[in-house]
Amino acid sequence: MLLAAALAGGASGCGSDAGPGAPPAPGAPGTTAGPGASGTPAPTSAPGTTTAPGTPGTATAPAVPRPGEVLVQVVVTGGFAGVRNRLVVHRDGEWTVRSGDKPPRTGRQTPAEAAGLRAALEDPAFALVPARPTGRPIADGFQYEVTYGHRVVVADDGDRPPALRRVFDALPEGGPPTSP
């Protein structure tokens, strides 16, 4: 009998430090994802996303880009001529530059160029770039507003950390659009 009780206790608490009689952890082997204790549905990943091992609840980007999905947007303002240009690059490498009243310019990065831009944006060093310029502004210089995901980084000509320069170098047409 003692052996049967030990086996029953060991099977119900397998892999849990909560002690005998404690409910198994959500997602543990032999359990199903259902409503939580509060009666709310258990969280799930968004369609088309995956969760990286060891990072519960964090979704990674879909492997295949959705048509029209924006990867990065760069807005350039200032300069001697007072420009306001916008570059939008989609995940598939297609890009558009809008400069003032001129007709938009469009193009497509090669798969290698698009991969290089994604790598520069996903570099952990880019995540550490300050959200606002830290140096002194340059008279008649440009200001750059880079939007990637839910993060906006604002920089100017005098304040370009190396990780931001790598992103700029990977942009179509050799960098942010500064021509009037």
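Of the contacts in the protein that join residues with a separation of 6 or more, 43% are between residues 24 or more positions apart, where a contact is counted when heavy atoms lie within 4.5 Å. The model in which these contacts were computed is a predicted one, and a walk through its elements shows how they are arranged.

The protein contains four helices and eight strands, and, read from the N terminus on, these elements follow one another as α-β-β-β-β-β-β-α-α-β-β-α. Of its 180 residues, 26% are buried, a word that here stands for a relative accessible area under 20%. The surface that the protein exposes comes to about 11700 Å², and carbon and sulfur atoms supply 60% of that area.

We can turn next to the sheet. Strands of a sheet pair through backbone hydrogen bonds, and the pairing may be either parallel or antiparallel. In this protein, six strands form an open sheet in the order β6-β5-β4-β3-β7-β8, and their pairing is antiparallel. Because β6 (105–108) and β8 (151–156) stand at the edges and have a single partner strand each, one side of each is left without a neighbour in the sheet. From one strand to the next, the twist averages 15 degrees. One pairing that can be followed in detail is that of β4 with β5 (residues 94–99), which are joined in the antiparallel sense over five bridges; Asn85 stands opposite Ser99 in β5.

Helix α2 shows how a helix can be placed against such a sheet, since α2 lies across β3, β4 and β7 and runs at about 75 degrees to β3. This helix has twelve residues (residues 111–122), which at 1.5 Å a residue should span 16 Å, and the end C-alpha atoms are indeed 16 Å apart, so the expected and the computed span agree.

Which residues of α2 are buried? They are Ala114, Leu117, Ala120 and Leu121. When α2 is seen down its axis, these buried residues fall within an arc of 125 degrees, and therefore they line one face of the helix. On the other side of α2, by contrast, Pro111 and Ala112 are exposed, which is to say that their relative accessible area is over 50%.

What covers the buried residues of α2? The cover includes the strands β3 (70–78), β4 (83–90) and β7 (142–148), and also the helices α3 (124–127) and α4 (162–170). The strands β3, β4 and β7 are thus named twice for this helix, as strands that α2 lies across and as part of what covers its buried residues.

Technical notes:
Residues numbered from 1 in each chain as written. Predicted model: local features only at pLDDT ≥ 70, side-chain atom pairs only at ≥ 80, totals over all residues. Heavy atoms only, no water. Helix = DSSP H or I, 4+ residues; strand = E, 2+ residues; numbered from the N terminus. Buried < 20%, exposed > 50% of the residue type's maximum accessible area, 1.4 Å probe, protein only. Areas by Shrake-Rupley, 256 points an atom, 1.4 Å probe, with all protein chains shown as cover. Expected span 1.5 Å × (residues − 1). Arc of directions from axis to C-beta. Pairing = 2+ DSSP bridges. Axes fitted to C-alpha atoms, helices over the stretch in contact; angles between N-to-C directions.
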